[in-house]
Amino acid sequence: MGKETYTSEFSGEFLDELARISEEVRKKYGVCVWFAEILGRRWSYIAGEKGEEDIFMPPHRVQLGERLGAVIECGDLPEEKINEIVSFLKKKVEKRVEIP
């Protein structure tokens with residue numbers, strides 16, 4: 001059996017909007033957020049800004065839909081700030097993007 005190539009079901013317009021949301025989070029909160037397509041246990045990058053620095057704290061993962069998640073590279077932010085970012089992300093994604 002040969003190797004198969006997987007193509008995401010998310011459209012370019014959808015990915016562009018996710019990238020804009022990621023940039024907005026970085027400007028407002030100073031953290032990098034990137035979006036992932038959830039494929040079982042695997043979270044595969046699809047859009048957004050990955051941090052340039054090595055962070056020794058594990059990122060915070062948030063499931064936003066059946067196949068869409070966000071990864072927040074939050075370092076040592078307090079839990080209340082992380083919760084604020086999660087709430088912001090959920091509102092932005094619900095408001096601006098129809099999740100496939």
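Which side chain meets that of R20 in a salt bridge? The partner is E17, with N and O 2.8 Å apart. A salt bridge here means a side-chain nitrogen of Lys or Arg within 4 Å of a carboxyl oxygen of Asp or Glu. Side chains of opposite charge can pair when their charged atoms come close.

Before we go on, a word on what you're looking at. This is a predicted model, where local features need pLDDT of at least 70 and side-chain atom pairs count only at pLDDT 80 or more, while totals for chains, interfaces and linings use all residues. Residues are numbered from 1 along each chain as its sequence is written, and side-chain values use heavy atoms, with hydrogens and water left out.

Now for the overall layout. The protein has 2 helices and 4 strands, and from the N terminus on they run α-β-β-β-β-α. Helices (H or I, at least four residues) and strands (E, at least two) are DSSP runs, numbered from the N terminus. Of the 100 residues, 40% count as buried. Buried means under 20% relative accessible area, exposed means over 50%, and partly exposed is in between (1.4 Å probe, protein chains only).

Let's go back to helix α1, residues 12-29, which holds both R20 and E17. They sit 3 residues apart, about one turn of the helix. R20 counts as partly exposed because its relative accessibility is 44%, whereas E17, at 12%, counts as buried. The same helix offers a second pair: E23 and K27 meet in a salt bridge at 3.0 Å, N to O. These two are 4 residues apart in α1, so about one helical turn separates them. E23 is partly exposed at 32%, and K27 is exposed at 59%.

So which residues of α1 are buried? They are F14, E17, L18, I21, S22, V25 and Y29. Seen down the helix axis, they fall within an arc of 145° (taken from the directions from the axis to the C-beta atoms), so they line one face of the helix. The face turned away from that buried side carries the exposed residues E13 and K27. Right after α1 comes G30, with a positive phi near 75°.

Not every salt bridge stays inside a helix. R67 forms one with E37, and their closest N and O atoms are 2.5 Å apart. This pair links distant parts of the chain: R67 is in the loop between β3 (60-63) and β4 (68-73), while E37 is in strand β1 (residues 32-39), 30 residues away. R67 is partly exposed at 22%, but E37 is buried at 2%. A search of the whole structure finds 6 salt bridges.

What about the inside? In soluble globular proteins, nonpolar side chains tend to be buried together. A nonpolar core is a set of buried Ala, Val, Leu, Ile, Met, Phe, Trp, Tyr and Cys residues joined through side-chain atoms within 4.5 Å. The largest one here has 23 residues, and those with the most contacts inside it are V25, V33, F35, L68, I72 and L89. At least two of its residues come from each of α1, β1, β2 (42-48), β4 and α2 (79-96), with α2 giving the most, 6 residues.

Take V33 as a close-up. Leaving aside residues up to four places away in sequence, V33 touches S22, V25, G48, E49, A70, V71, I72 and L89, where contact means heavy atoms within 4.5 Å.
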